[in-house]
Amino acid sequence: MIKPLIQYFLALLLAPLLSGVINRVKAFFGGRRGVPLFQLYFDLYKLAHKTPVYSRTTTWLFRAGPVIGLAAMLCALALLPFGGRPSFLSFDGDLILLVYLLGLARLAAVLAALDTGSSFEGMGASREVQFAVFAEPAFFLALAALARGGGGLSLSGIFSNLTPAAWLTASPVLTLVTVSLFIVFLAENSRLPVDDPNTHLELTMIHEVMVLDHSGPDLAFIFYGAALKLWVLGGLIACVILPRHSGSWVVDSGAFILAMFAIAAVVGAIESVMGRLRLLKVPYLLMTALTFSILALIFQAGR
Amino acid sequence: MTTLAELIIVAVILLNLSLAASGTLAACIRLAAAQGVIAALLPLLAGREVPPGTLVFCGAVILLKGAIFPWLLTRARIKANVSKDADPVIGYPASIILCLGAFAASSWLGARLPLPETARVAWIVPASLSTIFTGFLLLTTRTKAITQVLGYLVIENGIYIFGLALFVEQPLMVEMAILLDVFVAVFVMGITIFHISREFDHIDTAELSQLRDWHSGEAK
Amino acid sequence: MIILLMLTPFLAGLSAFFIKEDARRRALLLAAAGGHFALTAAVLVARPEMAPCAWFALDPLGLLFLGVTSLLFLGASVYAVKYLSLEKRDPGEDSEEGFIFNNEPEAVFTGCLLLFLAAMTAVTASRHLGILWAAVEATTLLSAPLIYFHRHKRSLEATWKYLLICSVGIAMALMGNLFLGAAGLSSGVALDLESLLLKAPSLDPAWLKAAFLFLFVGYGTKMGLAPFHTWLPDAHSESPAVVSALLSGALLNCAFLGILRVAQVCSAAGLAGFTGDIMIFFGILSLMTAAFFILAQKDYKRMLAYSSIEHMGILSLGVGLGGGAVYGALLNAVSHSLTKAGLFFVSGLVLAAYRTKNISDVKGLIRRAPATGVLWLAGFFLITGTPPSGIFLGKFMILKAAVSGRHFAAAAAYLFFLAVVFAGMGRIFLEMTLGEAPVHKGAEKPFEASRQMLIPAAFFFACAIILGLYIPAWLNELITGAKVLIGGGL
């Protein structure tokens with residue numbers, strides 16, 4: 001019981017570091033020095049001490065949005081296995097709960113955005129949901145493909161079952177799942193090529209625009225929730241790539257954390273190399289992810 | 001070695017999907033050529049002793065499908081001066097979904113068709129059937145003549161893969177005859193495409209519709 | 001002997017590409033056709049023994065179709081020689097749209113024609129289903145340049161459709177061959193007919209059914225069964241008359257041979273009921289399609305093409321019904337080939353006389369070109385099965401077998417569609433033949449049809465009439481032998 005709790009707190013602590021790594025890698029590609037690695041921590045601290053400003057058109061939904069989002073992400077984090085080790089809240093069927101918790105977070109964000117009454121946020125909300133139509137099935141089916149490989153419907157069970165030997169016998173499935181999960185990762189965390197986190201132009205924002213009106217601790221919640229989302233989705237990918245192989249908890253956890261940072265670095269590299277896709281082409285990308293998930297599921301089912 | 005063969009099958013299926021989604025003619029030609037070459041590698045991975053006849057045959061297939069057919073078709077494409085395919089009749093997302101559905105259906109079918117125990121790689125029948133379906137899709141929903149020829153080539157790829165599934169000892173004569181026929185067919189089609197582009201100034205077969213039985217609104 | 005049968009036209013075809021003088025080339029065409037016919041007659045009389053497990057051998061079924069092909073080709077070559085010399089004289093001017101077009105080099109045409117004969121001979125003589133497949137594919141590729149003789153837009157469109165649809169059909173047939181191989185895998189059977197027929201009961205029925213379906217679709221596309229017939233009307237209406245005659249009279253039969261071979265195997269394996277039902281269904285479907293499209297037809301060559309589709313439907317129906325209907329179907333095949341070839345020859349003359357393919361523009365044929373008109377009308381009566389005609393006998397036998405086999409629905413549909421076709425074709429033919437000849441530009445004198453082009457048609461019609469009255473013993477024996485092979489029983 002102690003080890004899963006330590007894992008949880010480690011995740012809580014290290015999650016904001018991921019975006020720092022991504023930004024640093026992007027700066028490196030751009031020949032700049034870039035923001036400090038711990039910038040997100042400083043931002044959270046700064047925001048926590050500010051007073052929030054609420055628009056007169058908003059209701060309780062607007063205030064509840066970030067809170068619900070963060071709560072959902074904290075629960076989702078509790079379900080996440082850490083380097084193949086079970087999390088402290090795992091049970092059979094928790095992968096469905098994970099998908100729905102992420103959906104709940106998205107719902108809260110979208111409602112809060114719509115609640116401001118501004119067309120700006122409404123546009124961002126509609127785009128966000130439009131992409132979710134493709135991203136969620138892709139995500140769900142990828143997890144289903146993994147679940148079919150054994151281990152019941154529990155994430156921890158699935159990843160405990162996943163051994164390096166699985167990569168030899170089921171490599172097509174696992175490769176397809178990894179690529180699909182990675183595309184979903186890019187889409188859900190609003191990374192390039194789906195969405196540019198740095199842009200603040202009306203035509204190009206998706207996620208940024210939804211949180212435009214939040215301030216103070218609400219914004220801190222949103223940033224922290226986003227960091228946790230990075231960790232959750234990245235953690236799934238890391239668990240697939242790095243099936244547990246050594247018996248030691250320390251080695252496994254260390255490898256897992258390293259893999260997380262490696263994933264963050266890869267995302268940074270991708271963001272530096274690729275431009276943003278046209279909005280009309282993003283569904284194609286997500287449909288590719290959906291296709292891969294379906295293929296992986298069919299392959300796994302026929303095995 | 002079975003995993004490598006499986007990876008090749010997966011690659012074939014992924015190539016099907018990218019063919020269904022691709023809009024540029026040059027890309028389509030390359031994808032179909034890649035599919036042919038990859039499929040030609042399959043008998044070499046059977047994991048047993050490879051007789052020299054099979055080696056020569058695989059080399060011939062790779063040469064034909066990887067070099068000669070793309071060259072013929074690219075020549076036709078350049079002479080006809082086309083680069084982009086016209087919008088397909090059913091749209092790219094629908095094409096991809098259809099291909100996926102075909103793959104699911106052929107997996108189901110593949111489980112029903114009792115294969116002899118000599119066929120060890122499990123996904124060959126679904127892969128071949130879905131490749132054939134993708135070829136049909138290209139043939140019927142695309143209007144540029146070159147894409148239709150590519151559809152025919154993809155159908156032949158699928159049939160080739162299916163033949164591999166059934167005959168572990170290659171009946172070399174039959175496969176050779178098939179290959180020869182495909183070569184002559186593509187050759188003749190290439191010549192015809194050249195004639196079409198010269199006669200019509202385009203190779204859009206949707207425009208080839210003068211011969212029909214329903215003459216609506218025609219003044220006599 | 002059989003190899004010589006194939007080699008003669010093959011070598012003649014290859015050399016035709018290189019001969020520069022037209023007269024010599026046409027003489028070669030005639031000589032090759034004549035030699036091929038003589039060889040076929042010799043084989044018919046001598047009946048060389050079939051060597052076991054040889055790739056090529058002639059059983060009664062193959063011999064029947066080979067004989068028809070050879071005879072047809074002889075007549076076609078006589079017609080073609082005159083046709084080619086006429087085409088050489090006039091520059092091509094399109095009848096409908098008035099543009100000038102080129103013709104294909106005559107060497108290519110003649111060469112492909114001879115090679116086409118070689119390929120069809122290979123189809124009839126092959127005992128290995130893989131060789132059969134390759135030969136059928138070869139006929140597709142070799143007949144494409146033949147269709148594209150007049151080099152203009154419409155014939156190009158027809159050629160492209162023909163190439164693509166038939167190639168895809170042949171690809172389906174290849175799948176069928178592979179399935180057949182799969183059916184025989186467990187018992188180690190190769191694709192040659194002898195071992196297939198011998199070990200038929202041990203073939204896996206599921207694979208065998210799938211194989212039959214694919215082979216039926218594939219060869220059925222080449223044969224012109226609905227709904228795979230879409231290339232047929234275009235190809236027949238745009239190609240020169242001699243090519244249409246060969247396509248309708250010889251090629252469709254050869255494609256049917258492919259289906260018959262696999263039906264042989266299936267009936268030896270006990271699946272005769274399954275195959276019969278499929279053949280009956282598609283036969284009636286073809287009849288219906290043909291009837292439907294003949295009614296509103298505006299182009300007389302297309303009408304003839306749909307009539308071919310109708311007859312292919314009748315063939316399929318007959319073989320599907322089994323028993324005595326098989327005899328009727330085979331008799332119908334022979335008679336239809338002869339009659340349709342003759343009709344296409346005459347249509348070529350009509351086109352030359354009136355310079356239009358539209359039915360409404362052709363009137364008073366019997367006044368303008370008496371000999372042609374008489375033949376045209378005679379052809380109509382023969383092809384729709386008015387006695388005395390071999391076709392009538394064949395159709396009647398099929399009807400009889402349908403009723404006695406209690407396939408009442410099929411028989412009723414059969415009769416209905418035949419009546420519709422008769423009505424449709426009757427209207428067209430009578431409109432064309434009788435009536436006032438339109439004042440054609442500069443054509444006051446009657447059209448002089450070349451006797452060389454009239455004789456083959458007349459000869460074929462005479463043969464068809466004779467067949468309706470009396471079937472010579474050797475033909476009877478041949479057809480009965482073929483019928484037994486297909487599993488027609490008594």
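Okay, let's start with chain B: of the contacts there with a separation of 6 or more, 77% are between residues 24 or more positions apart. Keep in mind as we go that this is a predicted model. Chain B is helices and no strands, seven helices to be exact. If you walk along the sequence, the pattern reads α-α-α-α-α-α-α. There are 220 residues in chain B, and 47% of them are buried.

Now chain C. Here we have 490 residues, with 63% counted as buried. The secondary structure is 19 helices plus three strands. For contacts at least 6 apart in sequence, 82% in chain C link residues at least 24 apart. The C-alpha trace runs to about 70 × 55 × 40 Å along the principal axes. And what is the radius of gyration of chain C? It comes out at 21 Å, and a compact globule of 490 residues would sit near 23 Å, so the two agree.

Let me pick out two helices in chain C. The first is helix 13, residues 324–354. That's 31 residues, and from first C-alpha to last it covers 43 Å, close to the 45 Å you'd expect at 1.5 Å a residue. Why do I call helix 13 of chain C largely enclosed by the rest of the structure? Because 30 of its 31 residues are buried. Right after helix 13 comes C:Arg355, and its phi is positive, near 60 degrees.

The other one is helix 9 of chain C, where eight of eight residues are buried. Among them are C:Trp231, C:Leu232 and C:Pro233, and also C:Asp234, C:His236 and C:Glu238. What do those buried residues pack against? The partners, again in chain C, are helix 5, helix 6, helix 10 (241–268) and helix 12 (300–321).

Hang on to helix 9, as we'll meet it again at the interface. Two pairs of chains touch, and the pair with the most contacts is B and C. On that contact, chain C puts in 28 residues and chain B puts in 31. On the chain C side, the elements that each give at least two residues are helix 5 (129–147), helix 6 (153–183) and helix 9 (231–238). Helix 6 of chain C has the largest share, at 17 residues. In terms of residue class, the chain C side is 16 nonpolar, six polar and six charged.

Then there's chain A. Its contact with chain B takes 10 residues from A and 13 from B. In chain A, helix 7 (164–169), helix 8 (171–188) and helix 12 (282–302) each bring at least two residues to the side that touches chain B. Helix 12 of chain A gives the most, six residues. And how many charged residues are on that side of chain A? None; the side splits into six nonpolar and four polar.

Last pair: what about chains A and C? No contact joins them, and their closest C-alpha atoms are 22 Å apart. To put the picture together, chain B touches chain A, chain B also touches chain C, and no contact links A with C.

Note on methods
Residues numbered from 1 in each chain as written. Chains lettered and ligands numbered in written order. Predicted model: local features only at pLDDT ≥ 70, side-chain atom pairs only at ≥ 80, totals over all residues. Contact = placed C-beta atoms within 7 Å. Helix = DSSP H or I, 4+ residues; strand = E, 2+ residues; numbered from the N terminus. Nonpolar A, V, L, I, M, F, W, Y, C, P; charged D, E, K, R; others polar. Buried ≥ 20, exposed ≤ 12 C-beta atoms within 10 Å, placed from the backbone. Expected span 1.5 Å × (residues − 1). Rg over C-alpha atoms; globule rule 2.2 N^0.38 Å.
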